[in-house]
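Q: I am new to this structure and would like a close look at a single part of it. Please take me through that part slowly, and then show how it sits within the whole.

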Amino acid sequence: MGNGTGIGRVRGLGSSRSGTHHWIAQRFTAIGNVLLVTWLVISLAMLPAHDYAAVNGWLAQPLVAVPMMLMIVNVFYHLRLGLQVCIEDYVHDEGLKFATIILLNFFAIGCAAVSLFSVAKIAFAGGAL
Amino acid sequence: MAQSGQRPLSPHLSIWRWGPHMLLSILHRVTGDGMAILGGLGLTWWLYAAASGPASYANFQYYVWEAEAGDGLGLVVNILCRIILVGLTWAFFQHLLSGLRHLVMDMGAGYELQANKRWSKTIIAVAALTTIAFWCWIILGRAG
């Protein structure tokens, strides 16, 4: 369909020339996550304590705040792509699928914004006093 | 017919046998989606609590790790959160390793039956061992 008839093209059922974008973006963010989330896991293991002062003092350092913000963008981009595939595989009703993907975008972008703002606030305030 | 009667005549959806690669594929999705929802919410809650001041962070720590002995609900939440935390670290190692396997397979390597089976089993074992090692380090190693 799509290539042959006019209505097929109007409905966008043919090649949109962007079929590989989702796939390749998932791989790019996956490689980013290998570095960034591994960094977070090792850092959490090496932190001497996980109380308010230790965590804020740690997050306030530029070389922690910047990778953390990169990680937030990368993680929420990657999880948005991954959850979208899951929704597309299991939610078959078109309307419900549309609504679920909107909800997913709200979740991913909303959580990313809250997380980025939190790190920025800690970093610019200079950590716990 | 010379063939044995038990052999399938052609591939069919209902004729298959469990292999480690199937378990790995399912675990990749389960750990990925689990981290996406619980890890995404947990990361956001942690950072938001840290940015909102000592009281907010103390509340986060109270429910995730250490509620008072008399607080029944708090202790139940503690147990759930601790299971989720350990689960998230296991999910991270499992998803990391099977994700790296996916990247190798994207290059067209690792499809030979024996190699594929061996790597699938190795990944499940290594993810479990690194999770145990991680928590041994958190609970025992750092204290000493």
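Which helices do the buried residues of H4(A) pack against?

A: Since this is a predicted model, what follows describes computed features. The buried residues of H4(A) pack against H2, H3 and H5 of chain A, together with H1 of chain B, and it helps to begin with the helix itself before turning to its surroundings.

H4(A) has 29 residues, and the distance from its first C-alpha to its last is 42 Å, close to the 42 Å expected at 1.5 Å a residue. Its buried residues are Met68(A), Met71(A), Ile72(A), Asn74(A), Val75(A), Phe76(A), His78(A), Leu79(A), Arg80(A), Gly82(A) and Leu83(A). As a general background to such lists, an α-helix has 3.6 residues a turn, so residues three or four places apart point the same way.

The chain around this helix is helical as well: the secondary structure of chain A comes to five helices and zero strands, which along the sequence reads α-α-α-α-α. Of the 129 residues in chain A, 22% are buried, and among the contacts in chain A with a separation of 6 or more, 67% join residues 24 or more positions apart.

One buried residue of H4(A), Phe76(A), also belongs to the largest nonpolar core, which has 39 residues and in which Leu59(A), Phe76(A) and Ala50(B) have the most contacts. This core draws at least two residues from each of H2, H3, H4 and H5 of chain A, and likewise from each of H1, H2, H3 and H4 of chain B, with the largest share, nine residues, coming from H1(B). In soluble globular proteins, nonpolar side chains tend to be buried together.

The contact between the chains can be described in a similar way, taking 22 residues from chain A and 23 residues from chain B. On the side of chain A that touches chain B, the elements giving two or more residues are H2, H3, H4 and H5 of chain A, and H5(A) gives the most, with seven residues. The residues on this side of chain A divide into 16 nonpolar, four polar and two charged.

For a contrast with the buried residues of H4(A), consider Pro48(A), which lies in the loop between helix H2 (21–46) and helix H3 (52–59) of chain A. Pro48(A) counts as exposed because 8 other C-beta atoms lie within 10 Å, and an exposed residue is one with 12 or fewer. The C-alpha atoms of Pro48(A) and Val34(A), which are 14 residues apart along the chain, are separated by 24 Å.

Conventions. Residues numbered from 1 in each chain as written. Chains lettered and ligands numbered in written order. Predicted model: local features only at pLDDT ≥ 70, side-chain atom pairs only at ≥ 80, totals over all residues. Helix = DSSP H or I, 4+ residues; strand = E, 2+ residues; numbered from the N terminus. Buried ≥ 20, exposed ≤ 12 C-beta atoms within 10 Å, placed from the backbone. Core = buried A, V, L, I, M, F, W, Y, C linked by C-beta atoms within 7 Å. Contact = placed C-beta atoms within 7 Å. Nonpolar A, V, L, I, M, F, W, Y, C, P; charged D, E, K, R; others polar. Expected span 1.5 Å × (residues − 1).
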